Amino acid sequence: MKKKRNFETDAIRTQTERTQFLEHSVPLYLTSSFVFEDAEDMRASFAEEKVRNIYSRFSNPNCTEFVEKICQMEGAEDGVAFATGMAAVFSTFAALLKSGDHIVSARSVFGSTHTIYTKIFPKWNITTSYGDVNDIDAWEKLIQPNTKLIYAETPTNPGVDVIDLEKLGALAKKHNLLLIIDNCFATPYLQQPIKYGADLSIHSGTKFIDGQGRVLGGVTVGRADLIKEIYIFSRNTGPALSPFNAWVLSKSLETLSVRMDRHCENALKLAEFLEQNEKVGWVKYPFLKSHPQYEIAKKQMSKGGGVVAFELKGGIEAGRKFLDALKMLSLSANLGDTRTIATHPASTTHSKLSEEERLAAGITPGLVRISAGLENIEDIIADIKQAIG
Ligand SMILES: *Cc1c(COP(=O)(O)O)cnc(C)c1O
């Protein structure tokens, strides 16, 4: 799909046809299956001689509409919607990899993605080598004859490191490897990895795309030939997105740009506040000048995103005290919500990693991750200020 219109319009208007009721807003198609006109229609549909809905594990109008919007927003050819972000990550890997293949991945990835590498893929003889997010040039040495793909998140969860997409795109191209980017933290609004040579872009819809902490969902978009493989895997193994969740997520996309503008504005103000606070050891936010990859962030993201990482002087003890002293902020493992959320990754989302693995991925024991919500920034900062003490 070629980009002709602007992003905000692509997030709202699709080619999806109206029903006989001429509804303005796309209705919810809460149906597990669809009927055939006659025996010939049934045969031709299963033979895939026509594009139509058969069964909601295969496709459903709400999922199709959701995917169509994400494709428009990211400049992707096609996509598949999934029940969760992890279903999207796993199904994408499973559809494209075979026994004996090798992955080059950023060391710092979402905890469950890391667990797939360490606990699930070894059973199928799929191996992974880890690259340092601060030294992309060294990744070339990790490539083996059996390397199939390069995988990374940017910004990373939870350390909000930024990876140079242009460099990764060039590296993948040079070695004829697939490049897959988890674009969850940036959202399609702030960053479009396909522009930099990514073959596929993956999202957890659960985060900023829903943005209101209600439903789980995921999506993979990108090259049509790869999406075809991923679709066959999904259609037959069953990680499909529910029509209801697709409907919620598609509606949410319509407000993504205005919500992200505020998330980013609040996160930047919060990061600036933390940087000035003498009890804070360090703070990381892509659009802070002090961020090690500030220039790269400015190049590939239109704003800094909604997540800030920081550590208090006094490490883990000070961090625990801070979390217990919060009055308004939510303690939750989620992010990308209207409500500001504080998380301690070392004891929650990344607890399955060893201490050594965490440190190598930049997850220090006292690291606190804040997902800036849409409350008034003065109230967010007031709560954090009193909790820092
Ligand atoms: C949350 C998250 C996922 C997983 O998404 P779910 O919807 O929870 O399965 C994957 N990648 C990143 C970067 C995430 O933050």
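**Helix H2 and the loop after it**

I started with helix H2, residues 39-46, in this predicted model. I looked up which of its residues are buried and noted Asp-41, Ala-44 and Ser-45. I then checked how they are placed around the axis: they cover an arc of only 100°, so they sit on the same side of H2.

I went on to the loop between H2 and H3, where I found Ala-47. I put Ala-47 down as partly exposed, because its relative accessibility is 41%. I also took a distance from Ala-47 to Ile-341: the two are 294 residues apart in sequence, and their C-alpha atoms are 48 Å apart in space.

Glu-48 is in the loop between H2 and H3 as well, and I noted that H2 is followed by this residue. Its phi is positive, near 55°, and I marked that because Glu-48 is a residue other than glycine. Is Glu-48 buried or exposed? I read a relative accessibility of 53%, over the 50% cut-off, so Glu-48 counts as exposed.

I looked at Leu-22 for its backbone too. Its phi is also near 55°, again a positive value in a residue other than glycine. I located Leu-22 in the loop between helix H1 (7-10) and H2. With a relative accessibility of 65%, Leu-22 counts as exposed.

**Helix H3**

I checked whether the length of helix H3, residues 61-74, fits its residue count. At 1.5 Å a residue, its 14 residues should span 20 Å, and I found the end C-alpha atoms 20 Å apart, which agrees.

How many of the residues of H3 are buried? I counted 13 of the 14, so I describe H3 as largely enclosed by the rest of the structure.

I then looked at both ends. At the start of H3, a side-chain oxygen of Asn-60 comes to within 2.8 Å of the backbone nitrogen of Asn-62. After H3 comes Gly-75, and I noted its positive phi, near 70°.

**Cis peptide bonds between E4 and H6**

I went through the loop between strand E4 (147-153) and H6, and I found Pro-155 there. The peptide bond from Thr-154 to Pro-155 is cis, and I read its omega as near -10°. Pro-158 has its place in the loop between E4 and H6 too. The peptide bond leading from Asn-157 to Pro-158 is also cis, with omega near 5°.

**Leu-168 in H6**

I moved on to helix H6, residues 165-174, which holds Leu-168. Leu-168 has 0% relative accessibility, so I entered it as buried.

What does Leu-168 touch, not counting residues up to four places away in sequence? I listed Ile-136, Trp-139, Ile-150, Ala-152, Ile-163, Leu-179 and Ile-181. I also looked up Ala-198, which is 30 residues from Leu-168 along the chain; the C-alpha atoms of the two are separated by 8.3 Å.

**Cysteines**

I searched for disulfides and the structure holds zero of them. Why is Cys-184 not bonded to Cys-264? Cys-264 has the closest cysteine sulfur, but I read 13 Å between it and the sulfur of Cys-184, which is too far for a bond because a disulfide needs the sulfur atoms within 2.5 Å. From the other side, I confirmed that Cys-264 is in no disulfide, with the sulfur of Cys-184 as the nearest cysteine sulfur, 13 Å away.

I also checked the accessibility of each. Cys-184 is buried, with a relative accessible area of 8%. Cys-264 is buried too, with a relative accessible area of 4%.

**Asn-334**

I found Asn-334 in the loop between strand E10 (330-331) and strand E11 (341-343). Its relative accessible area is 19%, and the cut-off for buried is under 20%, so I entered Asn-334 as buried. Leaving aside neighbours within four places in sequence, I listed its contacts as Thr-206, Lys-207, Gly-213, Ile-341, Thr-343 and Arg-369.

**Domains**

Last, I looked up the division of the chain: domain 1 is 7-253 and domain 2 is 256-388. Taken over C-alpha atoms, their centres are separated by 26 Å. For the contacts between the two, I noted 43 residues of domain 1 and 40 residues of domain 2.

Key
Residues numbered from 1 in each chain as written. Predicted model: local features only at pLDDT ≥ 70, side-chain atom pairs only at ≥ 80, totals over all residues. Heavy atoms only, no water. Helix = DSSP H or I, 4+ residues; strand = E, 2+ residues; numbered from the N terminus. Buried < 20%, exposed > 50% of the residue type's maximum accessible area, 1.4 Å probe, protein only. Contact = heavy atoms within 4.5 Å. Expected span 1.5 Å × (residues − 1). Polar contact = N/O pair within 3.5 Å; in protein donor to acceptor, adjacent residues only side chain to side chain. Arc of directions from axis to C-beta. Domains from an automatic or database assignment.
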